[in-house]
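Biologist: I would like to walk through this model with you. Please keep the answers short.

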Amino acid sequence: DDEEDEDDDEDEEDEDGEDEAAGAQAMAVEAMQGPLCEHPVAHLVVKRLVAAEAARTQQGASGEDVPGRPDGFTAALLQAVAESGDVQAWLGCNRGCLVLAEACAVPGGAKEKVQALVGASEVGSASPGARLLAERLAAA
């Protein structure tokens, strides 16, 4: 009987742990509602990942240019933004524009993908990120 009681206690602890994990996951999902670019911390993480990819692909170990990977983080990010339909949210948000401007620095066609993503859309000039994005897209 004592063994059965211990097993029951362990099962209750496992269920409590699962409930806590599910609650934490639900809170995280709720916090990330809306475009990723609007999240105060997430946009910084994404921007730093894009910047790291740009730095890594611009200089190889021996100093030669390394072409951007078509399956790299920036390419996947730009594809996800395009498929999500949130392009206008990214362009209307200072943080989103900063991430897209950073993506322009990744070799291997990322700037062209950003240009295609922006297309004929107006990049708002009110925010510093929008101005930076417009400058990077206009640069040769």
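Biologist: Where is the place of A134?

Modeller: First, the ground rules: this is a predicted model, where local features need pLDDT of at least 70, side-chain atom pairs count only at pLDDT 80 or more, and totals for chains, interfaces and linings use all residues. Residues are numbered from 1 along each chain as its sequence is written, and side-chain values use heavy atoms, with hydrogens and water left out. Helices are DSSP runs of H or I with at least four residues, strands are runs of E with at least two, and both are numbered from the N terminus. By that rule, A134 sits in helix α7.

Biologist: What is the separation of the C-alpha atoms of A134 and A101?

Modeller: A134 counts as partly exposed because its relative accessibility is 37%; buried means under 20% relative accessible area, exposed over 50%, and partly exposed in between, with a 1.4 Å probe and protein chains only. A101 is among the buried residues of α5. The two are 33 residues apart along the chain, and their C-alpha atoms are separated by 8.1 Å.

Biologist: How many helices and strands does the chain have?

Modeller: From the N terminus on, the elements run α-α-α-α-α-α-α. Of the 140 residues, 29% count as buried. The chain has zero strands, and its helices number seven.

Biologist: Why is α5 largely enclosed by the rest of the structure?

Modeller: The buried residues of α5 are G96, C97, V99, L100, A101, E102 and A103. They pack against α2 (42–58), α3, α4 (87–91), α6 (110–118) and α7 (128–138). α5 is largely enclosed because the buried share of its 10 residues is seven.

Biologist: Which side chain of opposite charge is nearest to E102?

Modeller: E102 lies in helix α5 (residues 94–103). Leaving aside neighbours within four places in sequence, E102 is in contact (heavy atoms within 4.5 Å) with K47, V50, A51 and R136. Lys and Arg count as positive and Asp and Glu as negative; His and the chain ends are not counted. E102 is buried yet has no salt bridge, and at 4.3 Å the nearest side chain of opposite charge is R136.

Biologist: Which residue forms a salt bridge with E53?

Modeller: A salt bridge is a side-chain nitrogen of Lys or Arg within 4 Å of a carboxyl oxygen of Asp or Glu. By this rule the count comes to one. E53 counts as buried because its relative accessible area is 6%, while its partner lies three residues apart from it in helix α2, about one turn of the helix. The closest N and O atoms are 3.8 Å apart, and the partner is R56.

Biologist: How many disulfides does the structure hold?

Modeller: A disulfide here is a pair of cysteine sulfur atoms within 2.5 Å. C93 is buried, with a relative accessible area of 12%. C104 also counts as buried, because its relative accessibility is 11%. The number of disulfides in the structure is zero.

Biologist: What accessible area do V41, V45, L49 and F73 have together?

Modeller: Patches are made of residues with over 30% relative accessible area and no salt bridge; like charges are joined within 9 Å, and nonpolar side chains (Val, Leu, Ile, Met, Phe, Trp, Tyr) within 5 Å. F73 counts as partly exposed because its relative accessibility is 34%, and its place is in helix α3 (residues 73–84). Areas come from the Shrake-Rupley method with a 1.4 Å probe; for residues, only the protein chains shown count as cover. The four residues form a nonpolar surface patch with a joint accessible area of about 330 Å².
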